[in-house]
Structures are given as structure tokens and as C-alpha cells.
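This report describes selected side-chain interactions and a strand pairing in one protein chain. The sequence and the structure are shown first, and the description follows.

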Amino acid sequence: MPLEAVEARRLYRQVADQLRSLIDSGEYAVGSRLPTERELAEQLRISRPTVREALIALEVEGRVRIRVGSGIYVSEPADAAPALAAAVIEGPFELLRAREFLESAIAEQAARVATKDDLARIDAALVAMENVAHPGEASMVHDRAFHIAIAGCLGNAVLVRVVGELFDQRLNPYFAQLAHYFENPGTWRTALSEHRAVRDAIAARQPKAARDAMRDHLAHSQERFAQNFGAETAAAAPTMRKRTARSEAQPAKPKRPSKKPVKSGSARRR
């Protein structure tokens, strides 16, 4: 019998599979509330963003329902729920971290080589962003144009394509569902201000400032998506910039869930 390739499943998919198994086995009945994000992260010994990606995946599948300010509840699965190619969908935080790494380096180099025409394209995207409603399809078009214009400063078609393809992953169902909870006109204004900081650093020929401004913008995007959406009274989600660099290769087996809420008073903060 020939050996088959072993699939390296993404961590959030492993977490989603574990939670789905608990639901299917009856540990959590339809209508019951799951532990909070914080409690799940502590039981599994993984980061809260990974837990959030798993919960969003289950919500897209119709297995749970997230009620902001109340908690995460088990849903009755639809008989004809469409199957998603989950194995090839990157998690929202995974995508944002990749963009943070790549686009900060691009912005740094753009500050060295940008021409007047390049700055004109960046400015045109910013003007369009200032005059569009958000959230909406048009705002995403102009946001994409801004990031593409910065990549275009380097005169490298491959980098332009990669930046565009990474941005377009915002259209995947997991990213779109997460954005549904947290994007609003207020977050758009904040992001626009961050974009201006990137533009100004590039125009001033300040590579380090441009790199830092882009990195901060995409790190803050992660923070905005990491605000609590469950029934938690603790302080806001931890700053993503302080996340540890350790690898989360395999989630721990979750403790057998209790129907009573897990006490979190002495819980380890992440």
C-alpha cells in the first residue's frame, strides 16, 4: 500500500476540528454556550487569535453563532450547508501577519525610490479613500489601490502581484466574517490616518519611519480584529504586538468541558 502525503493542517483548523468533535459528541448541545475565547485559549494552550480563527471557521460552517457581548452558542447545522475548501483558506490573522512582514519592507524601500508619479498614485488612492463610505466594496477597492501603489514604487511586478493577492484574501469567507463584526466608519477613519502616516514617511524619504508606519498599521489592524466579541468582562484583548514568537505546532487536548463556566480569576494572561 503506497504511502500518502501527510497534510500539515493549519492550527486553527485543528482547533476547529476538536471543537466540532465535542459538539458532534453531545458535549455541547445545540443552544448551549461554549467557553469564552480566553478560556478556550487557556485550555488548549494556544493564542487567542488562533481560537478566534477557529470560531469564525465554525460560524461560517453554521456550527456556532457568535453573539457580540453575549457569547458563542452552538447552532443547529444546516442540512445543505455548502462545503468550503477549508484546507486552503488562510486564517485572517495569518494573512495580516504575512502582510505586516512583507509590506513594511516594501514601504521602507519605497521611501528610498518613490518618484513624483508614484506619490501621485498614492495620493490619488488616499483622496478616494477619504470620500467613500465604509464598510463596502468601493472602500476595499481604494484600500487595495493604496497598497498596490506603494508596492508599485519598487518597479517589481512580482511584488505588486503578491501584495494584490494577499489583499484579495480579505474576500475569503473567514476574513469577511471577522470584518463583519469589527469594521465600521470609526475603524476606517483610524486606518486612513495610519495610511497617511505611511504616505508622509515615504514622501519625506524616511525609510525607517515608512517601515514602522506600515508595520504599525497592519499590527493595529490585527488589534482591531482582536477585540472581545464574547461574554467577557476582562480588559480588552492583549496587544498583538506583544505576542510571543513561539511556534504553536500542535494544540493541546482540551480539558473535558464542564457545563459550569470555567473560573478565570487566576487564569494566565496572554
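## Helix α1 and its charged side chains

The side chains of arginine 20 and aspartate 17 are joined by a polar contact of 2.7 Å. The model in which this contact is found is a predicted one. Arginine 20 belongs to helix α1. With a relative accessibility of 17%, arginine 20 counts as buried, because the limit for that class is under 20%. When neighbours within four places in sequence are left aside, the residues in contact with arginine 20 are Arg13, Leu58, Glu61 and Arg63.

Arginine 63 also takes part in a salt bridge, its partner being aspartate 24, with the closest N and O atoms 2.4 Å apart. This pair links distant parts of the chain: aspartate 24 is in helix α1 (residues 11-24), whereas arginine 63 is in the loop between α3 (48-60) and β1, 39 residues apart. The two partners fall into separate burial classes: aspartate 24 is exposed, with a relative accessible area of 51%, while arginine 63 is buried, with a relative accessible area of 12%.

## Salt bridges

Side chains of opposite charge can pair when their charged atoms come close. In this model the count comes to 20 salt bridges. The table lists three of them.

| Pair | Closest N to O distance |
|---|---|
| Aspartate 24 and arginine 63 | 2.4 Å |
| Arginine 199 and aspartate 200 | 3.1 Å |
| Arginine 215 and aspartate 212 | 3.0 Å |

In the pair of arginine 199 and aspartate 200, both residues are partly exposed: the relative accessible area is 22% for arginine 199 and 42% for aspartate 200.

The salt bridge between arginine 215 and aspartate 212 lies within helix α10 (residues 207-225), where the two residues are three residues apart and therefore separated by about one helical turn. Arginine 215 counts as partly exposed at 24% relative accessibility, whereas aspartate 212 is buried, with a relative accessible area of 16%. Both belong to one network, in which salt bridges that share partners join Glu108, Arg112, Lys208, Arg211, Asp212 and Arg215.

## The β1–β2 hairpin

Strand β1 (residues 64-67) and strand β2 run antiparallel and are joined by four bridges. The two strands form a hairpin with three residues between them, and glycine 69 in the turn has a positive phi of about 85°. Across the pairing, arginine 67 stands opposite glycine 71 in β2. The charged end of arginine 67 sits over the ring of tyrosine 73, at 4.4 Å from the ring centre.

Are the faces of strand β2 covered or uncovered? Both faces of β2 (residues 71-74) are covered: Gly71 and Tyr73 on one side are buried, as are Ile72 and Val74 on the other. Glycine 71, placed in strand β2, has a relative accessibility of 2% and so counts as buried. Glycine 71 and serine 32 are 39 residues apart in sequence, and their C-alpha atoms are 9.9 Å apart in space.

## Aromatic pairs and a further charge over a ring

A pair of aromatic rings is described by the distance of the centres and the angle of the planes. A search of the whole structure finds three aromatic pairs. One of them is formed by tyrosine 12 and tyrosine 174, whose ring centres are 6.0 Å apart and whose planes are at 90°, so the pair is edge-to-face. Because tyrosine 12 lies in helix α1 and tyrosine 174 in helix α8 (residues 173-182), the pair ties together parts that are 162 residues apart in sequence. Tyrosine 12 is buried, with a relative accessible area of 2%, and tyrosine 174 is buried at 0%.

Phenylalanine 175 and phenylalanine 225 have ring centres 5.5 Å apart and planes at 90°, so this pair is also edge-to-face. Phenylalanine 175 lies in helix α8 and phenylalanine 225 in helix α10, so the pair ties together parts that are 50 residues apart in sequence. Both phenylalanines, 175 and 225, are buried.

A charged group over an aromatic ring is found at arginine 170 as well: the charged end of arginine 170 sits over the ring of phenylalanine 167, 5.8 Å from the ring centre.

Definitions and conventions: Residues numbered from 1 in each chain as written. Predicted model: local features only at pLDDT ≥ 70, side-chain atom pairs only at ≥ 80, totals over all residues. Heavy atoms only, no water. Buried < 20%, exposed > 50% of the residue type's maximum accessible area, 1.4 Å probe, protein only. Pairing = 2+ DSSP bridges. Salt bridge = Lys/Arg side-chain N within 4 Å of Asp/Glu carboxyl O. Phe/Tyr/Trp six-rings, centres within 6.5 Å; stacked < 30°, edge-to-face > 60°. Lys NZ or Arg CZ within 6 Å of the ring centre and 35° of its normal. Polar contact = N/O pair within 3.5 Å; in protein donor to acceptor, adjacent residues only side chain to side chain. Contact = heavy atoms within 4.5 Å.
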